[in-house]
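Reader: I am new to this structure and should like to learn how its features are read. May we go through them one at a time?

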Amino acid sequence: MKTFDLIIIGAGRGSYLAAKAANLGKKVAIIEKSKLGGTCPNRGCVPSKLLIGYANKIREIKSSKKHYIKSFIDDIDIEKIFADTNDYINSVEDFYEKIFNENVTVYRGEASFVENKVIKINKDKITAENIVISTGSRPAEPLTEGSWTSDNIFPLKQIPKSITIVGAGFIACELANFFDSIEVKTIQLVRGDTLLENEDKDIQEIFKEQYTKNVDVRFNTSIKEATKQTNNHFKIELEDGNFIQTEALLYAIGRVSNADTLNLENTDIKLNEKGFIKRDEFFQTDVKGVYVVGDASGENMLQHAAAYEVNHLSKILFEDKIKPLKFKYMPHAVFSDPEVASVGLTEQKAKNLNLNYVVSTTNWKASAKAKALKIEYPQTKFILNPYTYEILGCHLIGFESATIIHQVLAVMHIDNDIRHLKNMLYIHPALSEVLLPAAVNAIKVIKEYKKSQET
Ligand SMILES: Cc1cc2nc3c(=O)[nH]c(=O)nc-3n(C[C@H](O)[C@H](O)[C@H](O)COP(=O)(O)OP(=O)(O)OC[C@H]3O[C@@H](n4cnc5c(N)ncnc54)[C@H](O)[C@@H]3O)c2cc1C
Ligand SMILES: NC(=O)c1ccc[n+]([C@@H]2O[C@H](COP(=O)([O-])OP(=O)(O)OC[C@H]3O[C@@H](n4cnc5c(N)ncnc54)[C@H](O)[C@@H]3O)[C@@H](O)[C@H]2O)c1
């Protein structure tokens, strides 16, 4: 049996840990059953955001009337869009192979545990003092045979004339926006009456109102039966009695754990109630020296979380900086139309937790830059601790929200106090300036709250 210093199972973000350890002279084995780089560059964040780039441009052209410009789109070269996106995807393996030096052995195949510290891949058995499980997650099984998930839509193959997308979360709202923008007949099926159900309710409402101006969303329904016809299209009977025909059917109904591939029953590693791998704040599983990072823990399921965790784990393993990691805040964004960005608690969560909080909501109308964009709906919502001025949550909807929120993240990172956002200097009239009236209003709301408590 071969012995390594470090074994990494899953070459998504775990690849960077392999590269770092190898650069420090450690003998590393990394095992991947699919493509090096994992979900984000091959079938996740990057390809989907490349597509959103086209969608944003198309939406901008289509809304040019607001700027008194009559425009029309002569042709959208979807073949080129698909080919460019696939070119990127096809370059990923090569990129990842190059980040590994001679100290890395790449095993191709599915890894499973034989015992606590012994891993089997194909006919090989290997062991190491430290083992990192970074096996990510996979799409929940589609409910119709022959349909797509985000795993098999990339690399992009056929250009469908019509697509039906099931789900109301991140993936459904990003990809339905793309397909609709390139004029593929798109229908989104949502079992409830909300989109992006984990966002703050006010943001959800604005999102729903704006998004459904473009995308044909059928709420409170789902697929009763779907059958493939001779022309290879799906005939779908909906729960509400309606029928639709669609060439492609994509399920985006959440992600599940890959832990079932690992034969963990041969170990002392425990799972949580959702089947993801349990760990402590040092990423350690129930077996000493076996760690879990990224989606495999089921905690954050975001690339920036996986990247941060891998970086922190490398400090624990190689720099003797044995500090626990507990995220103080975890931001996310939905790159759809409109764009949404969020960090911390929604108002509903703050309420459920019985916290003392105040809410400040401001629109972006005072911003000259926002005015120049001619979009009416953008909003900033803060949830604040009125005693400490702490930002408990911040929710943005509007152009470049994912960029603007970084200013809030910096404050939360350094010294979480909304007053910094009021006192700092802003470039006038940059779009980030929208946070100035938001902070001024937030502080006013806090003062009014305090005054009301005195009387
Ligand atoms: C369509 C889509 C869009 C997304 N967009 C964003 C975004 O915009 N921003 C964002 O922050 N996040 C986004 N995400 C989420 C992001 O991709 C994941 O959070 C991130 O990739 C997790 O990284 P990871 O290394 O934990 O897992 P992964 O990247 O999934 O890597 C795990 C690897 O382990 C391999 N593996 C699994 N089991 C085994 C086994 N038994 N043996 C060997 N290998 C195994 C898998 O093949 C995979 O390559 C998106 C996800 C999807 C699907
Ligand atoms: N911009 C980003 O950061 C980004 C983009 C895409 C994906 N991601 C990550 O990937 C994860 C997975 O994305 P996702 O969109 O698949 O999951 P999600 O959890 O965001 O949404 C799943 C949706 O499917 C619906 N659903 C579940 N079961 C269903 C059923 N049987 N019938 C109909 N609807 C059903 C849910 O109500 C929900 O709306 C996200 O949680 C996120 O962590 C992030």
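Author: We shall take a pair of helices, then a loop residue, then the surroundings of a ligand. Please note that this is a predicted model.

Reader: How is the packing of two helices described?

Author: Two packed helices are described by the angle between their axes and by the distance between those axes. Here, helix α1 (residues 14–23) and helix α8 (residues 303–318) have axes that come within 9 Å and cross at roughly 30°. Angles under 35 degrees count as roughly parallel, and α1 and α8 are therefore roughly parallel to each other. The crossing of α1 with α8 is right-handed.

Reader: Which residues of α1 and α8 meet?

Author: From α1 come G14, Y16, L17, K20 and A21, and they meet V310, L313, S314 and F318 of α8. Sorted by class, this contact of α1 with α8 has six nonpolar, two polar and one charged residues.

Reader: Is D320 buried or exposed?

Author: A residue counts as exposed if 12 or fewer other C-beta atoms lie within 10 Å of its own. D320 has 7 within that distance, and is therefore exposed. D320 is placed in the loop between α8 and β17 (332–334). From D320 to T212 there are 108 residues in sequence and 52 Å in space, C-alpha to C-alpha.

Reader: Which residues come nearest to ligand 1?

Author: Of the 35 residues around ligand 1, those that come nearest are G10, G12, G38, G136 and G294. Two or more residues of this shell are given by each of β2 (28–32), α2 (39–43), α3 (45–62) and α8. By class, the shell around ligand 1 has 12 nonpolar, 17 polar and six charged residues.

Conventions
Residues are numbered from 1 along each chain as its sequence is written. Chains are lettered from A and ligands numbered from 1 in the order in which they are written. This is a predicted model: local features need pLDDT of at least 70, side-chain atom pairs count only at pLDDT 80 or more; totals for chains, interfaces and linings use all residues. Axes are lines fitted to C-alpha atoms, for helices over the stretch in contact, and angles run from 0 to 180 degrees between N-to-C directions. Helices (H or I, at least four residues) and strands (E, at least two) are DSSP runs, numbered from the N terminus. Angles under 35 degrees count as roughly parallel, over 145 as roughly antiparallel, 65 to 115 as roughly perpendicular and the rest as oblique. A crossing is left-handed if the near helix is turned anticlockwise from the far one by less than a right angle, and right-handed if clockwise. Two residues are in contact if their C-beta atoms, placed from the backbone, lie within 7 Å. Ala, Val, Leu, Ile, Met, Phe, Trp, Tyr, Cys and Pro count as nonpolar, Asp, Glu, Lys and Arg as charged, and the others, Gly among them, as polar. A residue is buried if 20 or more other C-beta atoms lie within 10 Å of its own, exposed if 12 or fewer, and partly exposed in between; C-beta atoms are placed from the backbone. A residue is near a molecule or strand if its C-beta atom, placed from the backbone, lies within 6 Å of it.
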